Amino acid sequence: MTHPPDAEIQARIARARSSPDGAALLARLAHRCFATLLDARRHDPRAYLVFFDEDGERRELSHRDFAARVAARAHALARRAGVGRGDRVALLMHNDPEVPVSYLACWALGASAVPVNLGEDDERIGFVLEHSEAKAALFLPEVRERALGLRARAGHVGAWLATDEAEEPAALEPPPDVDPEDEALVVYTSGTTGPPKGVVLTQQNLLADADAIARWHGFDRDTRLLCVLPTHHVNGLVVTLVTPFLVGGSVVLCRRFRTRDFWPRVAREGVHVVSVVPTLLAFLLEDEAAARDLDLSRFRYPICGAGPLTVELARRFEECFGFPIVHGYGLSETTCYSCFLPVDLAPAAHARWMRDFGFPSIGVPLDVNEMAIHDAEGRALAPGERGEIVLRGVNVMKGYHRRPDANAETFAHGWFRSGDEGFCDADEGGRRFFFITGRIKELIIRGGVNLSPFEIDEVLNRIAGVARGLAVGFENDWYGEEVGAYVQRAPGAEVRAEEVLAACRARLPFAKAPKVVVFGDDVPVTSTGKYQRGKLRPLFARHKGTQFRE
């Protein structure tokens, strides 16, 4: 397949990375690179990082101590691994204080971090190490054995350092030539088919998006966030590590999410905001008693994104716990979040945007980017019309690493094409609120008609006895694809397939309603909480030749 010349692709990317207010927005940033931010924090004695390990043991680092650790790590990387501006360092780590130390050490040197998801298999990790052209690898001591095994298949990585041998006390010397547009992050997408794509983000991308997130939510030096998401992904990294460091606030970092620890930790540590995915909201609803008799007066709300949130799940959570969900949307390719529901909506207005349109609104664009709905030819669509969500602004990535084919497709019309279907609607003042209706590639195409799986999910998850339900498009000889339902029963429930199908038919036309139900104990998700519908398709294979009649 041919693609446009590189110069044309780069021109499209440049258009997608700019906006009318871009220059003014960047000029407003207090810091354009991480070296100056670190310098500003090196005398601050207030807490930055509280960490709870696997056993619940608590550790704390001040901004000052954290900056000193970063300086030591940066010095070791430069001296022992020869890392400098433009180099890439793979980070083989799970949630741990060493993660932000290592990220910031790379950025202080003008180098780029390549986070590795240790939940992936060795073949996929090996691909990331090779494709990213990492010069060095940093790993936690507890994953030493696996790191050494990976080292044998990634000979091009010149230096492998455990974090306990990669610190040399030293003053941080900010390199004078670090540029805001230096690469800072190459994060590989978690797609389930084909090789992952490396999203290249710059220091300016990270700082601009973090600044916009902080201003939207009113984060400041007195704000404390909770990080329960994996820090190898932009959600956990940007929202709950970079943003509080930028504003001088603090973060409570957890080794992993545990339902029983969540609310007690929020109460004890005085957490204001947490960033979650819909899956975690569902887990919290399974143990609602854990929030009783706790002082949650400082907690404001959860931010929720990175997966399909249904109206029903949002309603149940808000009514159960009494906190509004600030729904939002973004992608690795747009650094992190690109839009949120306004945090100052009156309760009635909040409920309207979350419940009255069939899908919870993902909100209003941040000022660092524009959003629109386009058709396949790049033409803007009117409010209410469904099309592809597209974005442009100063938080858009530099491009996919070593993937001119993907860049040509993704930036075909001078905007970043998200691959997500959605629509928008306007409030009384003309402010546009956006909605996501599904991944375009996940749309169920039955008889040539596009069906949104999210819409069917909404119906499934309102059925009594259903803990989680997913609409799955499966191959069918009669209509190309048919609609199936994958259902996880609620504890103790005995809901039958016939009841699920009947409940769906009561609310959906025959074309949209599931024809087959498959029950299972687990819903497959990625490490960032996104449902993996593609893994469920084989469960419906025996119905390929069935003609389902109304």
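These legends go with an overall view and several close-ups of a predicted model.

**Figure 1. The whole protein, seen as one predicted chain fold of 16 helices and 25 strands.** Start here to get your bearings. The C-alpha atoms fill a box of roughly 75 × 65 × 55 Å along the principal axes. For 550 residues, a compact globule would have a radius of gyration near 24 Å, and the protein comes in at 23 Å, so the two agree. Buried residues account for 59% of the 550. If you take contacts between residues at least 6 apart in sequence, 72% of them join residues at least 24 apart. On the outside, about 21,800 Å² is exposed, with carbon and sulfur atoms supplying 48% of that area. As for charge, there are 67 positive and 76 negative side chains, and the centres of the two sets sit 1 Å apart.

**Figure 2. Strand 7 and its partner, strand 8.** Strand 7 covers residues 183-188, and five of those six residues are buried, so the rest of the structure largely encloses this strand. Its neighbour here is strand 8 (residues 198-202), which runs antiparallel to strand 7 and is joined to it by five bridges. To find the register, look for Glu183: its bridge partner in strand 8 is Thr202.

**Figure 3. Gln203 and the residues around it.** Gln203 belongs to helix 8, which spans residues 203-217. Its relative accessibility is 0%, so Gln203 counts as buried. What does Gln203 touch, leaving aside residues up to four places away in sequence? The list runs through Arg32, Cys33, Phe34, Trp107, Gly110, Val178, Pro180, Asp182 and Ala184. One of these, Ala184, falls within strand 7 (residues 183-188).

**Figure 4. The hairpin made by strand 23 and strand 24.** Three residues separate the two strands of this hairpin. Strand 23 (residues 466-476) pairs with strand 24 (residues 480-489) in the antiparallel sense, over 10 bridges. A handy pair to pick out is Leu470, which stands opposite Tyr486 in strand 24. Strand 23 is mostly covered, with 10 of its 11 residues buried.

**Figure 5. Helix 11 and what packs against it.** Helix 11 is mostly covered too: seven of its eight residues are buried. The buried set is Pro278, Thr279, Leu280, Leu281, Ala282, Leu284 and Leu285. Which elements do these buried residues pack against? They meet helix 10 (259-269), strand 11 (273-276), strand 12, helix 12 (311-321) and strand 23. That last element is the strand from the hairpin view, which pairs with strand 24.

**Figure 6. Asp293, a loop residue with a positive phi.** Most residues other than glycine have a negative phi. Asp293 is not a glycine, yet its phi is positive, at about 60°. The residue lies in the loop that leads from helix 11 (278-285) to strand 12 (301-304). Is Asp293 buried or exposed? With 82% relative accessibility, Asp293 counts as exposed.

**Figure 7. Arg402, another non-glycine residue with a positive phi.** Here phi is about 55°. Arg402 is found in the loop between strand 18 (399-400) and helix 14 (404-410). Its relative accessible area is 42%, so Arg402 counts as partly exposed.

Key:
Residues are numbered from 1 along each chain as its sequence is written. This is a predicted model: local features need pLDDT of at least 70, side-chain atom pairs count only at pLDDT 80 or more; totals for chains, interfaces and linings use all residues. Side-chain values use heavy atoms; hydrogens and water are left out. Buried means under 20% relative accessible area, exposed over 50%, partly exposed in between (1.4 Å probe, protein chains only). Helices (H or I, at least four residues) and strands (E, at least two) are DSSP runs, numbered from the N terminus. Two strands pair if DSSP finds at least two bridges between them. The radius of gyration is taken over C-alpha atoms; the globule rule is 2.2 Å times the number of residues to the power 0.38. Contact means heavy atoms within 4.5 Å. Accessible areas come from the Shrake-Rupley method with a 1.4 Å probe; for residues, only the protein chains shown count as cover. Lys and Arg count as positive and Asp and Glu as negative; His and the chain ends are not counted. The place of a charge is taken as NZ of Lys, CZ of Arg, CG of Asp or CD of Glu.
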